[in-house]
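Thank you for asking me to look over this model; I have set down my remarks as a series of points. Please read them with the sequence and the coordinates at hand.

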Amino acid sequence: MTEKVVVFTDLDGTLLDENYSYERAKPAIDALLRSKVPIVFCSSKTRAEIEVYRKALGIKDPFISENGAAIFIPEGYFDFPYEYSKQRDGYNVIELGTDYSVLRATLEKIRKETGYKILGFGDMSAEELARDCGLSLREAELAKQREYDEAFRILDGVAAEVLRRIEEAGLNHTRGGRYFHIMGNNDKGKAVRILTDLYAKKFGKVQTIGIGDSLNDLPMLEAVDVPVLVKKPDGTYDSDVVVRLKGRLVKADGIGPEGWRKAMEELVIGEGHGED
């Protein structure tokens, strides 16, 4: 039986460059879509942000938001019953994360107890967030629509102490390209495994490819058959990911979306995988 390829991909720094553009990757995206290869966005971004890119690229596959906190599966996508938490806006939603209000309250408690200056998305206006992230005002408004994950910076304080207190509160943390994240008992890997099981039930046999750029992608990369790492803007690879996945990691020859395109051409498109 031919394996069905499923691609799980990070967005910021991977499919998107520093200016949030996917243009360098678009030829490969289009080729995968023609071959009916599922492209599953697996990002720290919110549902509202991810939907913009799905619509622009014509992708209709499930996606994973806010570092594995929720899986959004379009209704009718899988033609068999499966467990999910709720239905919302045309999706069956599998929730794995902790409510945003709990995360905000925990961060505020740490801020008061330590006196550290910690700046979260919830502390900034859309205008301030747009300036901080290099986003348009509309993009910043979408980024603030958080449900399960709070992104934050430590402007004045000891990062290790903040992260220790997050753990003591029974919560988890990760670090993306720009921000730390506080979240519940979820990560990208758990969500990827759940969705992989559903794809295996749908197609019988699948080969999963995961592609990212930073340490917060590690759980996703550990959960797939073929982990791929793209270069960071300075032309280097994330050393922590390289060490952890030594021996089976595929290093894409390119920064962000350029590396994404080259990896897909080498691993999938060039060999005609995923075609009916």
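The points below take up the strands, the helices, a few loop residues and a pocket.

1. Before anything else, please keep in mind that this is a predicted model, and that the remarks which follow should be read in that light.

2. I would begin with strand β12, which covers residues 226-231 and is mostly covered, since five of its six residues are buried. On one side β12 pairs with strand β11 (residues 206-212), and the two run in the parallel sense over four bridges. If you wish to find this pairing in the coordinates, look for Gly-210, whose bridge partner in β12 is Pro-227. Between β11 and β12 the chain passes through helix α8, made of residues 218-223, and the resulting β-α-β crossover is right-handed.

3. β12 also pairs with strand β13 (residues 250-255), again in the parallel sense, here over three bridges. Two places mark this pairing: Val-228 stands opposite Val-250 in β13, and Leu-229 has Lys-251 of β13 as its bridge partner. The connection from β12 to β13 goes through helix α9, residues 239-244, and this β-α-β crossover is right-handed.

4. Helix α2 spans residues 47-57, and Arg-47 is found in it. Is Arg-47 buried or exposed? With a relative accessible area of 11%, Arg-47 counts as buried, because the cut-off for that class is under 20%. Leaving out residues up to four places away in sequence, Arg-47 touches Phe-63, Ser-65, Phe-72, Arg-88, Asp-89, Tyr-91 and Glu-147, a list that holds several residues worth displaying together with the helix.

5. Arg-47 is one of the buried residues of α2, which also include Ala-48, Glu-49, Ile-50, Tyr-53, Arg-54 and Leu-57. Just after α2 comes Gly-58, which takes a positive phi of about 75 degrees.

6. The loop between β3 (63-65) and β4 (70-74) deserves a careful look, and Glu-66 lies in it. Although Glu-66 is not a glycine, it has a positive phi of about 45 degrees, and Glu-66 is buried, with a relative accessible area of 0%. Asn-67 lies in the loop between β3 and β4 as well, and it has a positive phi of about 60 degrees although it is not a glycine. For Asn-67 the relative accessible area is 1%, and this residue too is buried.

7. Which residues does Asn-186 contact, once its neighbours within four places in sequence are set aside? They are Glu-66, Asn-67, Gly-68, Ala-69, Leu-96, Gly-97, Thr-98 and Asn-172, so that Glu-66 and Asn-67 of the previous point appear here again, on the reading of contact as heavy atoms within 4.5 Å. Asn-186 itself lies in the loop between β10 (180-183) and α7, and it is buried, with a relative accessible area of 2%. Asn-186 and Gly-97 are 89 residues apart in sequence, yet their C-alpha atoms are 5.5 Å apart in space.

8. In helix α6, residues 159-168, the buried residues are Glu-161, Val-162, Leu-163 and Ile-166. These buried residues of α6 pack against α3 (100-114), β7 (117-120), β8 (149-156), β9 and β10. Just after α6, Gly-170 takes a positive phi of about 80 degrees.

9. Finally, I would draw attention to the second largest pocket, which has a volume of about 170 Å³. Its lining is made up of 15 residues, and those nearest its centre are His-173, Thr-174, Met-183, Asp-187 and Pro-219. Among the elements that each supply at least two residues of this lining are β9 (172-175), α7 (188-203) and α8, and β9 gives the most, with three residues. By type, the lining of the second largest pocket divides into four nonpolar, seven polar and four charged residues.

Terms used. Residues numbered from 1 in each chain as written. Predicted model: local features only at pLDDT ≥ 70, side-chain atom pairs only at ≥ 80, totals over all residues. Heavy atoms only, no water. Buried < 20%, exposed > 50% of the residue type's maximum accessible area, 1.4 Å probe, protein only. Pairing = 2+ DSSP bridges. Right-handed = clockwise from strand over helix to strand, strands pointing away. 1 Å grid on protein atoms, 1.4 Å probe; cavity = no way out; pocket = protein on both sides within 12 Å on 5 of 7 lines; lining within 4 Å. Points joined across faces, edges and corners; volume = space filled by probe spheres on them. Nonpolar A, V, L, I, M, F, W, Y, C, P; charged D, E, K, R; others polar.
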